[in-house]
Amino acid sequence: MNLSDSRTVGPHSIVRTSAAEAVFNSIRHSIESGELPVGSKLGAEATLATQYAVSRSVIREALRSAAALGLTETKTGKGTFVIASRAGGDLKLGRFSARSLMEARPHIEVPSAELAAARATAEQLEEMRGLLDAMEDEDDPEIWVALDASFHAAIARASGNGVFERVVNDIREAMVNQSETINLITGRQHPSHAEHREILAAIETGDGAAAGRAMTAHLTAVDEALTLILGATEA
C-alpha cells in the first residue's frame with residue numbers, strides 16, 4: 001500500500017507469537033529495505049493496529065523501540081516519521097543514552113543491593129516480593145517494564161542511601177525504555193525473572209556480597225543484550 005504522505009507497512013495481519021516484535025521487525029525491515037524512505041510518514045496508531053490486527057498498545061511498543069534505535073521520530077500532533085535508514089550506534093532513551101546508562105548502573109545498583117541486604121525492612125522486602133510476583137504474572141510488556149523499574153527503585157530505597165534512591169528515580173524513565181527495547185528485540189523478559197529472584201533471595205538472607213554478585217550478574221546480562229543489539233546495528 002502506497003499513500004502519498006502517510007504510508008503503512010508490512011503484512012496486513014501478524015500472528016501473535018510476539019506481536020510487538022513482529023510489528024517492529026516488519027517496520028524495521030520496511031525502513032532498512034528502502035520501502036519506507038527517510039521522510040516517510042507512518043500510518044496513525046489506529047491505522048497500523050487495524051492493518052496488523054493487533055492492539056494499539058502493541059503498535060506503541062513497536063514504535064517506541066523503532067524510535068529508540070533512531071529509525072523514527074514521533075512529532076506531537078503530526079505523526080511518526082522515518083528519520084534514518086539504519087539504526088544508530090546507541091539507543092535513544094530520553095535524557096540518557098543506553099551506553100551512558102549501562103556505564104553508570106553498576107556503580108549505583110550493585111552497592112544499593114549490598115546495602116539493601118543489611119538495611120531492608122520487612123515492609124520493603126514484602127514490597128519487592130509483590131513486585132516480582134506481579135511481574136511474573138504480567139503479560140502486558142508495557143506494564144512489565146514499569147514493574148521492573150519499580151523493583152530496581154525499591155532496592156535503591158531499601159539501601160537507605162538517599163543518593164542512590166534519587167539517582168535511580170532520575171534514570172527510571174530511561175530504564176523503562178531500555179528494558180522495553182531489549183525485551184522486544186532479544187527476549188530478555190523471562191531470563192530477568194530468575195535473575196531478579198536471585199537478587200531478592202540474597203537481600204532477604206542479609207547476604208550483601210551475594211546480593212552484589214546477583215545484581216552484577218543481572219546487569220551484565222542486560223549489557224550483553226544491549227551489546228548484541230548495538231553490534232547488530234553497527235554491523
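**Close-up views of a predicted model**

**Figure 1. The largest nonpolar core and its best-connected members.** Of the 67 residues that make up the largest nonpolar core, those touching the most other members are V23, I59, L91, M128, F151, I155 and I203. Helix α10, residues 208-234, supplies the largest share of this core, with 10 residues. Please keep in mind here, and in every view that follows, that this is a predicted model.

**Figure 2. The whole chain, for orientation.** Before we zoom in again, here is the overall layout. The protein has 10 helices and 4 strands. Read from the N terminus, the order of elements is α-α-α-β-β-β-β-α-α-α-α-α-α-α. Of its 235 residues, 47% count as buried. Among contacts in the protein with a separation of 6 or more, 72% are between residues 24 or more positions apart.

**Figure 3. Surroundings of I155, one of the core residues that touch the most other members.** Which residues does I155 touch, once those up to four places away in sequence are not counted? The list is S112, A113, A116, M128, I199, I203 and M215. Two of these names, M128 and I203, may look familiar from the first view, where they also appear among the residues touching the most other core members. I155 returns in the next view too, as part of the contact that α6 makes with α4.

**Figure 4. Helix α4 against helix α6.** Helix α4 (residues 98-119) and helix α6 (residues 141-158) have axes that come within 7 Å and cross at roughly 60 degrees. That angle makes α4 oblique to α6, and their crossing is left-handed. On the α4 side the contact is made by R105, E109, S112, A113, L115, A116 and R119, and on the α6 side by H152, I155, A156 and A158. Sorted by class, the residues of this contact are 6 nonpolar, 2 polar and 3 charged.

**Figure 5. Helix α5 packed on helix α9.** The axes of helix α5 (residues 122-137) and helix α9 (residues 189-204) lie 11 Å apart, and the two helices pack at an angle of about 165 degrees. Why is α5 described as roughly antiparallel to α9? The angle of about 165 degrees makes it so, since roughly antiparallel applies to angles over 145. The crossing of α5 past α9 is left-handed. From α5, the residues L125, M128, R129, L132, D133, M135 and E136 meet H193, H196, R197, L200, I203 and E204 of α9. Grouped by class, this contact holds 6 nonpolar, 2 polar and 5 charged residues.

**Figure 6. A68 in helix α3.** A68 is found in helix α3, which spans residues 56-68. Is A68 buried or exposed? With 3% relative accessibility, A68 counts as buried. Leaving aside neighbours within four places in sequence, A68 is in contact with D90, L91, K92 and T181. One of these partners, D90, is 22 residues away along the chain, and its C-alpha atom is 8.3 Å from that of A68. Another partner, L91, is one of the residues that touch the most other members of the largest nonpolar core.

**Figure 7. R166 in helix α7.** R166 lies in helix α7, residues 162-170. R166 counts as exposed because its relative accessibility is 57%, and the cut-off for exposed is over 50%. A153 is 13 residues from R166 in sequence, and the C-alpha atoms of the two are 9.0 Å apart in space.

Conventions
Residues numbered from 1 in each chain as written. Predicted model: local features only at pLDDT ≥ 70, side-chain atom pairs only at ≥ 80, totals over all residues. Heavy atoms only, no water. Axes fitted to C-alpha atoms, helices over the stretch in contact; angles between N-to-C directions. Parallel < 35°, antiparallel > 145°, perpendicular 65-115°, else oblique. Left-handed = near helix turned anticlockwise from the far one by under 90°. Contact = heavy atoms within 4.5 Å. Nonpolar A, V, L, I, M, F, W, Y, C, P; charged D, E, K, R; others polar. Buried < 20%, exposed > 50% of the residue type's maximum accessible area, 1.4 Å probe, protein only. Core = buried A, V, L, I, M, F, W, Y, C linked by side-chain atoms within 4.5 Å.
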